[in-house]
Amino acid sequence: MRPTPTKRVKVLHLLPQFGAGGGVQAALRAARLTADAGPYAHQLVSLLPVSPNTALPPESEHVSVTAAPTPEALSELLAAADVVLVHFWNTPELYAQLRAAWPPARVLLWAHVAGHTPPQALTPTVLGWADGLAVASPFTLDLPTVQAAPLPAGRRVVFPVPDLERLDGLAYQPHRGYNVGYVGTVSFDKLHADFVALHAAVDVPGARFIVAGAGGDWPRLRQQAEALGVADRFDFRGYVTDVRALLGTLDVFGYPLAPESYAAAELVLQEALYAGVPPVVFRHGAVSGLVVHEHTGLIVDDAAGYRQALEHLYQHPQERARLSANARAYARAHFRAETFAQTMVAAFEAVLQLPKRPHTWPSAPPSPWPAAAAFVEAL
């Protein structure tokens with residue numbers, strides 16, 4: 001039975017780990033916006049302890065955070081929730097929890113990954129286990145496995161947007177040279193394998209390639225830059241907190257991702273468009289759906305096309321300014337908090353029409369490593 005409208009609907013967000021990534025920021029944004037828009041109270045649960053150097057958001061009357069609960073405490077939270085919103089990206093801990101014993105629940109799976117390549121794949125087993133599916137990109141909605149999934153509460157796009165108001169007032173900072181920036185996860189399961197070589201090939205005097213973000217492949221990036229003799233052209237900044245200031249110094253947003261990248265809604269790419277920094281992206285995967293070719297940025301097919309695009313935008317500043325203005329207008333028209341909240345609420349409403357039911361994984365977790373076994377299944 002659907003809860004009466006006189007009380008707050010309890011939404012439990014199940015997250016692999018609370019940190020600085022886009023999936024967590026999307027969860028926070030969804031909680032805050034829907035708590036303001038309707039009768040929803042949100043509890044964000046991190047299966048693992050909070051990631052180091054991550055500040056927990058201030059708790060409010062209708063949004064709270066719980067980290068690393070015991071299995072018994074988590075089971076009680078799951079049972080008390082009206083809706084369990086599973087924020088899906090593949091981690092052994094999340095898979096182990098999906099395979100564990102659950103109390104009856106209504107489960108909405110929100111995929112923060114494109115879902116087409118392992119290990120960040122939406123498998124038939126995962127899709128069959130959930131009651132409803134929300135995806136962060138139309139690309140994911142079109143996958144054959146998603147279209148074939150038996151989901152009683154249906155499937156829909158819930159496109160997350162960042163808090164773009166924090167970029168209001170951003171102004172371009174004049175500077176010497178030509179700054180191409182990448183902000184995001186610094187890991188080669190997301191980055192193009194030839195990230196350094198792609199930029200080293202760009203024939204532009206005074207070009208600087210600024211790289212910022214969190215991830216484990218900083219040493220490899222630096223080694224590649226040294227090996228190619230182009231370390232002086234790169235500015236490796238590590239994780240930055242003031243994205244607004246960084247975007248204000250960029251001429252182009254260079255965002256070459258791996259063909260098998262799991263990227264979906266890409267909040268930082270939305271921020272770049274909102275800031276008027278025209279992006280250059282590859283056609284493969286979900287990310288190219290965020291860019292309108294030759295209107296808000298450029299979409300390329302290969303390494304030569306990427307180099308030519310960056311050189312073209314340097315040689316044609318008026319074209320760069322046109323793309324910048326279009327990107328700002330497009331982001332303001334399409335990346336709207338109101339739309340995000342409405343689609344999230346619609347997903348909640350669809351799941352709330354269902355009774356709570358048991359959720360049992362098709363096969364029992366093998367011991368002694370159920371989390372590892374679940375991860376292997378996704379390959």
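A residue counts as buried when its relative accessible area is under 20%. The exercises below use this predicted model.

**Exercise 1.** What percentage of the 379 residues of the chain count as buried?

*Solution.* Apply the cut-off: under 20% relative accessible area. By that test, 54% of the residues are buried.

**Exercise 2.** How does the radius of gyration of the chain agree with that of a compact globule?

*Solution.* Start with the length: 379 residues. A compact globule with that many would have a radius of gyration near 21 Å. Now take the chain's own value, which is 21 Å. The two agree. For the extents, the C-alpha trace spans about 65 × 45 × 40 Å along its principal axes.

**Exercise 3.** Which residues touch the most other members of the largest nonpolar core, and which helix gives the most to this core?

*Solution.* The core holds 88 residues. Trp-110, Leu-221, Leu-247, Phe-253 and Met-344 touch the most other members. Helix α13, residues 337-352, is the top contributor, with nine residues. Next, look at Leu-247. Beyond its neighbours within four places in sequence, its contacts include Leu-167, Leu-170, Phe-253 and Ala-272.

**Exercise 4.** At what angle do helices α1 and α13 pack, and which residues meet?

*Solution.* Find α1 at residues 22-37. The angle is about 85°, and the axes lie 9 Å apart. Angles of 65 to 115 degrees count as roughly perpendicular, so α1 is roughly perpendicular to α13. Now list the partners. Ala-26, Arg-29, Ala-30, Leu-33 and Thr-34 of α1 meet Ala-337, Phe-340, Ala-341, Met-344, Val-345 and Phe-348 of α13. Sort them by type: nine nonpolar, one polar and one charged.

Conventions:
Residues numbered from 1 in each chain as written. Predicted model: local features only at pLDDT ≥ 70, side-chain atom pairs only at ≥ 80, totals over all residues. Heavy atoms only, no water. Core = buried A, V, L, I, M, F, W, Y, C linked by side-chain atoms within 4.5 Å. Buried < 20%, exposed > 50% of the residue type's maximum accessible area, 1.4 Å probe, protein only. Helix = DSSP H or I, 4+ residues; strand = E, 2+ residues; numbered from the N terminus. Contact = heavy atoms within 4.5 Å. Axes fitted to C-alpha atoms, helices over the stretch in contact; angles between N-to-C directions. Parallel < 35°, antiparallel > 145°, perpendicular 65-115°, else oblique. Nonpolar A, V, L, I, M, F, W, Y, C, P; charged D, E, K, R; others polar. Rg over C-alpha atoms; globule rule 2.2 N^0.38 Å.
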